[in-house]
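User: I am in my first year and would like a close look at one part of this structure. Please take one helix, explain its surroundings, and then follow the chain to the contact with its partner.

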Amino acid sequence: MSLPPLLDVNGLHVRYPIRKGLFGGVVGHVSAVDGVSLTLNRGETLGLVGESGCGKSTLGRTVIALQKPSAGNVRFRNQDLFALSAAELKQQRRFAQLIFQNPRACFDPRRTVGSSVRMGLDIQELLDPSEREEAVAEIFRKVGLRPEHRFRYPHELSGGQLQRIGIARALILKPSLIVCDEPVSALDVSVQAQILNLLSDLKAEFELALLFVSHNLAVVEYIADRVAVMYYGRIVEMASTHALFSSPRHPYTRALLAAVPTMDIARRDDPVPRLGDPPDPANLPTGCRFRNRCPLAFARCAEAEPLLVTAEDGHGVACWAAESASIDAGPMTAAALNG
Amino acid sequence: MAAGIRSPHTLLDIKGLRTQFGSGRNPVNAVQGIDLQIGAGEILGLVGESGSGKSVLALSILRLIQSPGRIIGGSILFDGKDVLAMSNRELSGWRGRDIGIIFQQPQSCLNPVRRIGWQVAEPLRQQEKLSRKAAWDKAVTLLRSVGIPAPEEKALAYPHQLSGGQAQRVMIAVALALRPRLLIADEPTTALDVTIQAQILELLRDSCRDFGTSLMLVTHDLGVVARLADRVAVMYAGRIVEEGPVAPMLTAPSHPYARGLLDAAPRLGQMGGLRLRDIPGSIPDLSQPMPGCAFAPRCELRANLGLSACLGELPPFIPISEHHAARCWALPQADGIYSTPMTMGTRA
């Protein structure tokens with residue numbers, strides 16, 4: 001180990017209370033993040049995939065201290081984020097920024113977009129006030145807009161242009177980490193490609209680390225260096241992008257990949273994986289939380305929860321069946337998945 | 001029916017359809033002269049990005065366009081019957097019985113205070129005049145056929161007690177209750193997770209095959225189209241720019257926009273080190289007059305070939321093969337323009 005990682009997440013738990021009744025009494029908890037550990041190096045992109053409700057957005061928000069964990073810690077730039085004072089945390093915030101899914105919902109409609117982008121500089125008191133306007137113009141050029149665009153209001157811009165400005169707002173503080181929460185999901189495919197290309201250029205130019213949260217596997221494969229697959233609060237598989245997509249080891253990852261519609265019409269009638277309905281997140285099965293949807297489940301899966309075990313090749317998987325090597329590592333067909 | 005072969009019997013025949021929103025000096029021309037046919041038992045994929053007019057076209061067919069929108073021209077024939085001339089009374093009988101619709105957000109289309117069994121039974125009661133008991137029993141059968149587990153109990157549930165995938169199955173059961181001859185599905189799986197999406201698409205395909213129902217599948221996702229459609233029409237700025245059988249449309253489309261859509265989407269397992277080809281620019285303002293091809297300002301092919309007609313005059317449909325045509329001025333001189341695959345340069 002030479003340099004410590006930029007981001008080091010250890011045993012993170014985030015629990016939300018379930019309230020019911022007139023007085024809102026707490027009747028239970030949902031563990032949105034249930035014991036997650038991961039690291040992210042400078043300049044690296046980690047893709048975080050999973051179905052809706054699996055906790056991927058909560059994890060993304062917690063690692064940049066927008067959400068308090070119930071347990072565990074997050075070290076960012078060698079500091080424990082949740083042990084910092086408010087003033088120290090504000091200093092660190094500059095280095096960790098967020099891009100949202102719906103760019104229309106995250107700009108003040110009564111401000112020009114230029115002043116929204118500039119706000120970060122004002123709050124962090126970076127640069128001399130006289131230089132800030134020029135910095136905003138410069139960052140607009142960087143994300144492929146004209147400097148004059150900064151005098152417009154959000155309703156005068158298209159979704160793609162607004163997402164570029166969302167990126168500009170994050171970038172202007174020269175962060176080392178950007179959490180991208182479904183940044184292209186609300187965009188049309190032609191615009192999605194523009195934004196993905198822009199992000200991949202910028203991450204190289206600024207040595208940015210990205211935590212890229214998405215439900216779209218093809219998009220994650222395109223942008224990420226490493227991928228973590230989440231299932232109801234846990235990371236069930238984590239590996240380099242190539243390894244994860246070419247030889248997935250967890251049955252859930254395999255099912256996800258087999259379910260993506262292919263453009264290959266020769267394969268249009270291939271059977272699709274049948275996973276059944278997702279479980280109630282407040283009431284997950286004992287043992288492995290995937291077992292009631294898993295085609296490979298056996299007795300041990302009900303008894304104990306498999307932990308993420310990283311093999312020598314760096315490929316981590318949390319599955320008793322994968323661990324006992326009862327399945328080979330080739331891509332699994334949907335037919336095999338259906339038993 | 002084999003992919004790409006038109007059924008001899010045309011169920012839906014649209015000619016010159018125009019739909020406009022707003023009045024005054026600059027109304028928005030959302031649908032600007034659409035000709036489209038759907039054969040009996042055929043699955044048509046209608047593809048386009050937001051603002052292309054695909055949903056407005058779907059709603060126009062159902063006569064569900066509300067003020068300030070209105071259909072200002074053209075004709076829609078359903079099995080020879082003039083839909084635009086139907087009275088409200090005729091329309092309410094026709095909808096449900098002959099034509100069904102499925103929307104993107106199932107939870108917002110189901111009545112939150114009625115049990116789902118009654119929502120499936122309602123069209124049966126109204127149109128087939130079944131008794132309460134008979135309609136309920138048939139609703140349970142329908143819920144079973146769309147894959148709702150324990151349908152006898154689930155029929156008693158309210159919409160908020162269902163997952164998104166189950167709610168979409170219920171919507172499909174409602175839409176199919178009267179075995180309509182045409183089903184319009186507007187982004188039916190866009191709000192669903194990928195594992196659920198695969199199952200819903202399979203359900204739609206099998207239901208249509210079993211009942212001989214025609215399907216108009218409105219979507220922005222070419223993968224969804226590849227899975228189901230026999231024929232594909234691509235819309236841009238209120239017009240169809242290319243139409244043809246699914247195979248050539250997904251492997252060798254001719255219109256630069258259709259080609260661009262195909263190249264812009266990342267594909268699983270095929271991107272190693274390549275850079276996506278995006279389409280620069282954005283969609284035009286449909287309230288401004290556009291004398292030429294609406295895609296011309298974004299079109300690299302026009303720039304490369306230096307064509308002058310594109311901005312001045314709307315290109316007609318130029319045939320590529322018997323059932324395949326595209327609106328593009330470059331086509332007559334386009335032999336070999338795509339001979340080098342347009343797909344992707346290397347990544348920086």
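Analyst: What follows starts with one helix of chain A, moves to its neighbour, and ends at the contact between the chains.

This is a predicted model, in which local features need pLDDT of at least 70 and side-chain atom pairs count only at pLDDT 80 or more, while totals for chains, interfaces and linings use all residues. Residues are numbered from 1 along each chain as its sequence is written, and chains are lettered from A and ligands numbered from 1 in the order in which they are written.

The helix is α5 of chain A, residues 159–171. Helices (H or I, at least four residues) and strands (E, at least two) are DSSP runs, numbered from the N terminus. From first C-alpha to last, the 13 residues of α5(A) reach 18 Å, close to the 18 Å expected at 1.5 Å a residue; the expected span is 1.5 Å times one less than the number of residues.

Is this helix buried or exposed? Of the 13 residues of α5(A), 12 are buried, so the helix is largely enclosed by the rest of the structure. A residue is buried if 20 or more other C-beta atoms lie within 10 Å of its own, exposed if 12 or fewer, and partly exposed in between, with C-beta atoms placed from the backbone. Among the buried residues are A:L162, A:I165 and A:R169. Their cover includes β6 (96–99), α3 (113–124), α4 (129–142), β7 (177–181) and α6 of chain A.

Take α6(A) next. The axes of α5(A) and α6(A) are 10 Å apart and the helices pack at an angle of about 20°. Axes are lines fitted to C-alpha atoms, for helices over the stretch in contact, and angles run from 0 to 180 degrees between N-to-C directions. The two helices, α5(A) and α6(A), are therefore roughly parallel to each other; angles under 35 degrees count as roughly parallel, over 145 as roughly antiparallel, 65 to 115 as roughly perpendicular and the rest as oblique. Where they meet, α5(A) brings A:G159, A:G160, A:Q163, A:R164, A:I167 and A:L171, and α6(A) brings A:V191, A:Q194, A:I195, A:L198 and A:L202. By class, this contact of α5(A) with α6(A) has 6 nonpolar, 4 polar and 1 charged residues. Ala, Val, Leu, Ile, Met, Phe, Trp, Tyr, Cys and Pro count as nonpolar, Asp, Glu, Lys and Arg as charged, and the others, Gly among them, as polar.

In the loop between β7 and α6 of chain A sits A:E182. A:E182 has a positive phi of about 50° although it is not a glycine. A:E182 is buried, with 20 other C-beta atoms within 10 Å.

Now the contact between the chains. It takes 37 residues from chain A and 37 residues from chain B, two residues being in contact if their C-beta atoms, placed from the backbone, lie within 7 Å. On the side of chain A that touches chain B, α6 (189–206), α7 (217–223) and α9 (251–259) each supply at least two residues, and α6(A) gives the most, with 9 residues. That side of chain A divides into 21 nonpolar, 9 polar and 7 charged residues.

One place to look is α9(A), whose axis comes within 8 Å of that of helix α8 (residues 194–211) of chain B, crossing at roughly 45°. The helices α9(A) and α8(B) are therefore oblique to each other. There A:A255, A:L256 and A:A259 meet B:V194, B:T195, B:Q197 and B:A198. By class, the contact of α9(A) with α8(B) has 5 nonpolar, 2 polar and no charged residues.
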